[in-house]
Amino acid sequence: MNLIFYYIKSKSLNTSNWVFDKMKLITQEDDFGCAVACVASVIGSTYGEARRYFKYPEHVRDRGYYRAPIVNALKNAGRRYDFQRCDGTFESSLLLVAEGSIAFIRGKNYPFGHYLLKTGEGYWMDSWINLPEIPRESGWRNHLSGEPTWIIYPKNRTTDRILSVNKKK
């Protein structure tokens with residue numbers, strides 16, 4: 001694991017924002033529903049309500065979602081998000097630990113990948129923490145359970161500053 005990620009993987013960058021006041025633990029109800037569960041937690045809704053913000057809600061059953069449809073679902077729910085490759089730079093490391101960031105990870109337990117949500121308390125919300133067991137259970141993790149490859153991050157003053165500092169270099 002990249003040295004920067006190792007150091008800050010369980011830290012949290014508090015972006016204190018009203019958008020995240022309602023984040024809660026959400027269990028995914030479908031095999032490929034981790035993105036929907038993360039969106040539900042960010043917007044303070046149920047899993048079923050969050051599915052309606054996706055253009056193709058039926059994808060939770062057989063294929064899941066890539067980054068752009070998740071950003072669009074969050075936009076439909078009134079949230080400003082963007083995405084970036086998690087490339088090991090200091091910038092992507094800071095975005096990764098920002099409250100409300102959604103990390104896409106890969107690992108031996110996640111051959112298709114998995115999304116987790118960073119909370120203000122410094123924990124990661126895992127919508128299927130007991131994968132592959134059924135019934136599914138959600139829970140809190142102290143650190144990511146796989147290697148992050150993409151970050152879907154909230155567009156706010158904190159993340160805008162992180163991105164602008166890097167552009168000035």
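Strand 2 and strand 3 form a hairpin with two residues between them. This is a predicted model, and that hairpin is a good place to enter it.

## Strands 2, 3 and 4

Strand 2 covers residues 102-107 and pairs with strand 3 in the antiparallel sense. Five bridges hold the pairing. Within it, alanine 103 of strand 2 has leucine 116 of strand 3 as its bridge partner.

Strand 3 spans residues 110-118. Is it mostly covered or mostly open? Mostly covered: seven of its nine residues are buried.

Strand 3 also pairs with strand 4, residues 124-126. These two run antiparallel as well, joined by two bridges. Here lysine 118 is matched with tryptophan 124 in strand 4. Strand 3 and strand 4 make a hairpin too, with five residues between them. Glycine 122 sits in that turn and has a positive phi of about 95°.

## Overall layout

The protein has six helices and six strands. Along the sequence the pattern reads α-α-α-α-β-α-β-β-β-β-β-α. Of the 169 residues, 50% are buried.

## The nonpolar core

In soluble globular proteins, nonpolar side chains tend to be buried together. In this model, the largest nonpolar core has 29 residues. Ile70, Leu74, Tyr115 and Ile152 have the most contacts inside it. Several elements each supply at least two residues: helix 2 (34-43), helix 3 (47-51), helix 4 (67-76), strand 2, strand 3 and strand 6 (147-154). Which element gives the most to this core? Helix 2 does, with nine residues.

## Cysteines without a bond

How many disulfides does a search of the whole structure find? Zero. Cysteine 34 is in no disulfide, and the nearest cysteine sulfur belongs to cysteine 38, 6.5 Å away. Why is there no bond from cysteine 38? Its closest cysteine sulfur, in cysteine 34, is 6.5 Å away, which is too far. The cut-off for a disulfide is 2.5 Å between the sulfur atoms. Both residues are covered. Cysteine 34 is buried at 9% relative accessible area, and cysteine 38 is buried at 0%.

## Salt bridges

The structure holds three salt bridges. Each is listed below with its N to O distance.

| Basic residue | Acidic residue | N to O distance |
|---|---|---|
| Arginine 51 | Aspartate 30 | 3.5 Å |
| Arginine 136 | Aspartate 31 | 2.4 Å |
| Arginine 141 | Aspartate 126 | 2.6 Å |

Take the pair of arginine 51 and aspartate 30, whose side chains meet in a salt bridge. The pair links distant parts of the chain, 21 residues apart. Arginine 51 is in helix 3, while aspartate 30 is in the loop between helix 1 (3-8) and helix 2. Aspartate 30 counts as buried, at 15% relative accessibility.

Next come arginine 136 and aspartate 31, with closest N and O atoms 2.4 Å apart. This pair also links distant parts of the chain, with the two positions 105 residues apart in sequence numbering. Arginine 136 lies in the loop between strand 4 and strand 5. Aspartate 31 lies in the loop between helix 1 and helix 2. Is aspartate 31 buried or partly exposed? Partly exposed, with a relative accessible area of 44%.

The remaining pair is arginine 141 with aspartate 126, at 2.6 Å. Arginine 141 lies in strand 5 and aspartate 126 in strand 4, so the salt bridge ties together parts that are 15 residues apart in sequence. Aspartate 126 counts as buried, at 0% relative accessibility.

## Strand 5 and its surroundings

Strand 5 covers residues 139-141 and contains tryptophan 140. Tryptophan 140 counts as partly exposed, at 41% relative accessibility. Which residues make the nonpolar surface patch of about 280 Å²? Leu25, Tyr123 and Trp140 do.

Serine 145 is in the loop between strand 5 and strand 6. Serine 145 is partly exposed, with a relative accessible area of 25%. How far apart are serine 145 and isoleucine 129 in space, C-alpha to C-alpha? They are 9.6 Å apart, with a sequence separation of 16 residues.

Technical notes. Residues numbered from 1 in each chain as written. Predicted model: local features only at pLDDT ≥ 70, side-chain atom pairs only at ≥ 80, totals over all residues. Heavy atoms only, no water. Buried < 20%, exposed > 50% of the residue type's maximum accessible area, 1.4 Å probe, protein only. Helix = DSSP H or I, 4+ residues; strand = E, 2+ residues; numbered from the N terminus. Pairing = 2+ DSSP bridges. Patch = residues over 30% accessible without salt bridge, like charges linked within 9 Å, V, L, I, M, F, W, Y side chains within 5 Å. Areas by Shrake-Rupley, 256 points an atom, 1.4 Å probe, with all protein chains shown as cover. Salt bridge = Lys/Arg side-chain N within 4 Å of Asp/Glu carboxyl O. Core = buried A, V, L, I, M, F, W, Y, C linked by side-chain atoms within 4.5 Å.
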